[in-house]
Amino acid sequence: LIVCVSIGFVSCNDDDCEDLHLDNLAHYPNVLKGTFPTENQSLNIGETLKITPELLNPENANYSWFINGEAYSNEHTFNYKIEKPCRVNLTCIISNEYGKVEMNTSFSSNHDFSKGFFYFNETFNFYDAEKKVKYEDCYSSLNAGKQIRADKPSICINNGKLYILNNSSITNADHLFVVDSKTLYYEKSAVIGTHLHGMTILNDQYALVGGDGIRRINLKSLSNVSLTTNSSYSLFNGIVYNGKVLVNDTYEKLSQVKCYNISDLLAAKENEMPPAIEPGLDITQNQKINFVQAKDGNVYTLESTDSGCSIVKIDKNFAVQKIPVNFKPAKGPYWSSPTVGMVASETEGIIYIASADNSIYKYIIGDPGSVKEPFIPADESGLPVAATLQLNPKTGELYAIYGKQWENYKIVIYNKSGKQVDSIDCGENALSHIIFNH
């Protein structure tokens with residue numbers, strides 16, 4: 001709806017005051033009905049919105065247009081080309097020597113996020129896979145100019161929400177953002193703590209975050225309870241499985257996979273982090289490695305030591321079975337970078353694994369011979385795999401992020417046969433996540 005506010009500039013104290021005000025009012029910049037939109041305008045990307053307010057008395061009128069509170073134009077006609085997904089609050093102030101009128105409306109783009117994917121490099125961008133077009137910083141354009149600018153983020157998706165952790169050293173910054181996963185609309189944020197770099201969703205109400213300690217966060221209120229102040233890197237890669245949480249507890253030193261009861265984590269009071277279950281799982285790791293749950297219902301991870309590597313199956317009773325392989329897993333450049341992890345298909349018994357030589361292996365569950373040779377060779381650019389592999393749940397295509405600090409990043413898409421079908425250059429900002437919106 002239009003909100004109009006008229007303000008007069010003339011004051012008086014004599015007997016002719018009423019007549020003078022009526023005369024001024026007649027000369028106000030009165031906008032003719034129907035020449036300024038009263039409802040939200042919706043346009044396709046590529047179209048231009050034009051608005052020309054017509055005045056009953058246009059002489060000496062001045063126009064000021066504001067987009068999301070920021071000055072945009074002083075022209076009589078407002079022109080705005082829709083170049084990417086957006087929603088905009090628009091204000092027009094028309095003034096003359098007798099007063100001014102302020103009008104407010106809004107406009108937005110028609111777009112379909114299900115036809116592509118989001119990718120995150122300091123902010124959310126969108127790639128339209130049908131048009132093969134990038135739309136950068138859609139988060140800002142959809143949220144009245146708001147910025148995330150998360151430093152080395154970790155992102156979780158749960159119940160239609162994106163939870164973005166900002167690994168910031170600033171104590172009074174927003175450390176956790178909640179965003180609608182379908183629309184990218186900002187919902188809320190909170191100050192939690194510094195150096196946050198991992199989240200494990202425990203249930204619909206609570207999650208654990210790591211960094212300078214471990215905190216349990218209420219996902220509804222964003223309030224938190226500190227369970228320990230000991231630094232933790234394990235929650236990069238935690239997974240909830242059969243009433244327990246499995247965590248990879250290292251980023252460089254040899255460490256055993258740890259296991260916690262969810263009930264203990266939910267009941268723990270402040271500064272009372274429960275102990276890990278002993279004796280623990282017989283899985284040793286010397287770098288960040290994730291866990292995946294495959295179509296067969298079992299959880300898989302990698303055992304990685306200086307002497308070799310194995311694919312590890314963890315069944316529902318937490319029994320461990322190891323399949324030795326002749327490669328080592330890919331490793332991120334430093335502790336706060338994304339884990340270069342593996343990904344499991346939701347519809348087929350397949351797991352894809354990035355190796356240290358930047359090849360990609362395809363493990364067909366139950367077939368140790370399937371990982372004798374790489375499924376996809378190292379990228380011809382020589383760039384390393386820089387983040388966890390992703391599978392498009394709609395098409396089954398494999399997405400790999402290649403890049404390194406101070407050099408360009410790119411996303412390469414492979415079909416089920418391992419053939420490259422697309423490559424998207426994404427600039428120099430570190431690219432950490434791909435999110436599908438189906």
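Me: Which residue stands opposite Ile351 in strand 31?

Reply: That's Tyr363. Keep in mind that we're looking at a predicted model. Strand 30, residues 350-354, runs antiparallel to strand 31, and 5 bridges join the pair.

Me: What do strand 30 and strand 31 form, and how many residues lie between them?

Reply: They form a hairpin, with 5 residues between the two strands. Have a look at Asn358 in the turn: its phi is positive, at about 70°.

Me: How covered is strand 31?

Reply: Mostly covered: of its 5 residues, which run from 360 to 364, 4 are buried. As a general idea, side chains in a regular strand alternate between the two faces of the sheet.

Me: How do I read a positive phi?

Reply: Start with the general idea: most residues other than glycine have a negative phi. Now the cases here. Asn68 isn't a glycine, yet its phi is positive, about 50°. You'll find Asn68 in the loop between strand 4 (62-67) and strand 5 (70-73).

Me: Is Asn68 buried or exposed?

Reply: In between, really. Asn68 has a relative accessible area of 24%, so it counts as partly exposed, because buried means under 20% and exposed means over 50%.

Me: Where is Phe318, and what is its phi?

Reply: Phe318 sits in the loop between strand 27 (308-314) and strand 28 (320-325). Its phi is positive too, about 70°, and it isn't a glycine. With a relative accessibility of 15%, Phe318 counts as buried.

Me: What about peptide bonds? Which one is cis?

Reply: The general idea is that most peptide bonds are trans. Here, the bond from Glu278 to Pro279 is cis, with omega near 10°. Pro279 belongs to the loop between helix 3 (262-267) and strand 24 (284-285).

Me: How do I read an open sheet? What is the order of the strands that include strand 33?

Reply: Follow the order from one edge to the other: 32-33-34-35, which makes 4 strands with antiparallel pairing. Strand 32 (390-391) and strand 35 (420-425) stand at the edges with a single partner each, so one side of each has no neighbour in the sheet.

Me: How many bridges join strand 33 to strand 34?

Reply: There are 5, between residues 398-402 and residues 410-414. For a pair to click on, try Leu398: its bridge partner in strand 34 is Tyr414.

Me: Which strands make up the open sheet that has strand 12 in it?

Reply: The order is 12-13-14-15, so to speak a list of 4 strands, and the pairing is antiparallel. At the edges you find strand 12 (154-158) and strand 15 (186-190), each pairing on one side only. On average, neighbouring strands of this sheet are turned by 20° against each other, direction ignored.

Me: And how do strand 13 and strand 14 pair?

Reply: In the antiparallel sense, over 5 bridges, with residues 161-165 on one strand and 176-180 on the other. In that pair, Ile164 stands opposite Phe177.

Me: How do I read a buried residue? What does Met199 touch?

Reply: Check how much of the residue is accessible, then look at its contacts. Met199, in strand 16 (residues 199-201), is buried with a relative accessible area of 5%. Setting aside residues up to four places away in sequence, Met199 touches several residues, among them Cys156, Tyr163, Leu176 and Leu235. Met199 and Ile239 are 40 residues apart in sequence, and their C-alpha atoms are 9.7 Å apart in space.

Me: Where does Val257 lie, and is it buried or exposed?

Reply: Val257 lies in the loop between strand 22 (255-256) and strand 23 (258-261). It's buried, at 1% relative accessibility. Its contacts beyond four places in sequence include Val247, Leu281 and Phe291. Gln285 is another one of those contacts; along the chain it is 28 residues from Val257, and the two C-alpha atoms are separated by 7.2 Å.

Me: How do I zoom out? How many helices and strands are there in the chain?

Reply: Count 3 helices and 36 strands. Of the 438 residues in the chain, 49% are buried. The C-alpha atoms fill a box of roughly 95 × 50 × 35 Å along the principal axes.

Methods: Residues numbered from 1 in each chain as written. Predicted model: local features only at pLDDT ≥ 70, side-chain atom pairs only at ≥ 80, totals over all residues. Heavy atoms only, no water. Buried < 20%, exposed > 50% of the residue type's maximum accessible area, 1.4 Å probe, protein only. Pairing = 2+ DSSP bridges. Axes fitted to C-alpha atoms, helices over the stretch in contact; angles between N-to-C directions. Contact = heavy atoms within 4.5 Å.
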